[in-house]
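Dear colleague,

Here is the structure I promised to pass on, followed by some notes on what I found in it. Please read them with the model open beside you.

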Amino acid sequence: MKYDLQKYERFLVPAVLLILFISYLILAFLSEGTYGGADDISHYRRSRYAFQFPEFFLHHWGKPFFTALSAPFAQLGFKGVKLFNVLCGTLTAYFTYRTARILNYSFPIMAIFLLISSPLYSVLMMSGMTEILASLVLILTIFLFFKEKYIWTALLLSFLPFIRNEAIVILPLFFVAVLWRKQWKAIPFLFFGFVFYSIVGGFYYDDFLWVIHHMPYKGTAKGIYGSGELLHYAKASKYIFGIGLSILILAGLILWVLDPLVKPKKPVQNWLMEMLVVFLPFIAYFVAHSYVWWKGAGNSVGLIRVIVAVLPSALL
């Protein structure tokens, strides 16, 4: 039985998204603070002055793909970068809703409200940080995959590590998924972002492996950044997702495991594909961050905001 709201979604969803966009934009413009400290300002400055100093477009720490997309907005000042993130957050809500519809999930419109119910997501939408764009690219990648646009999926995903370096752990999942679907033509495009930036930066740095050699997170600086508990991010869930969404995510993961038993008529192949493309990006990313903070590796500082990058995957 289809829920009653579905017949009104055509009008309700655009209205809700417009209200959210305007509300967050007003908050972003009225806010006099930032989130992320020096990182927030540094990302803005690299975007703001990238046209004057083109090397900023290749700055690893500044995240090259984020800088490329946000630089035009940054010419309007710091509020321009906030506008960029509010726009990205609104689009993330929209494509999370669209993905939920494609997958025939119940109450897909709830995806919009679940996304903004995360306190940390709402805060980061009003900043110049990179996580919001990463969340948009991730959900758009998932959406394109289930729309069977495999080359576009691979092409877009290849740039995700140039927004959040640690997102590279997500690429093998899609590699397996694309292989499973026998979309051989799409596989080379999974490496497009790496090849593109290697060539462009190679002429500037005289090193076509600069993406690897200039990686700022190689090795360990445990003595400087420290380390912490393995369950650091799990314990911080109430700050990342909020208590309500944390409970829903945990319940959803349990129900996902039990899904083949609860819905025996659902093809196992569909369940496994959702596991690879929808759920495991969140789990792999969350586990990877938990591990490196526990081991004091990868120059991890244990910042909880980084999890926002995979929030759409979590809430689905």
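A residue is called buried here when its relative accessible area is under 20%, calculated with a 1.4 Å probe. Please bear in mind that this is a predicted model.

By that cut-off S118, which has a relative accessibility of 0%, counts as buried. Its place is in the loop between α5 (110-117) and α6 (119-125), and, leaving aside neighbours within four places in sequence, S118 is in contact with I240, F241, L245 and L311.

A second buried loop residue is A167, with a relative accessible area of 2%, which is found between α8 and α9. If residues up to four places away in sequence are not counted, A167 touches L160 and Y285. The C-alpha atoms of A167 and G252, by contrast, are separated by 22 Å, the two residues being 85 apart along the chain.

The helix that follows this loop, α9, spans residues 171-180, and its buried residues are L171, L173, F174, A177 and V178. Because these residues cover an arc of only 155° around the axis, they lie on the same side of α9. In general, an α-helix has 3.6 residues a turn, so residues three or four places apart point the same way. As for what covers the buried residues of α9, the elements include α7 (131-146), α8 (150-157) and α16 (268-295). Just after α9, K182 takes a positive phi of about 60°.

With best wishes

Technical notes
Residues numbered from 1 in each chain as written. Predicted model: local features only at pLDDT ≥ 70, side-chain atom pairs only at ≥ 80, totals over all residues. Heavy atoms only, no water. Buried < 20%, exposed > 50% of the residue type's maximum accessible area, 1.4 Å probe, protein only. Helix = DSSP H or I, 4+ residues; strand = E, 2+ residues; numbered from the N terminus. Arc of directions from axis to C-beta. Contact = heavy atoms within 4.5 Å.
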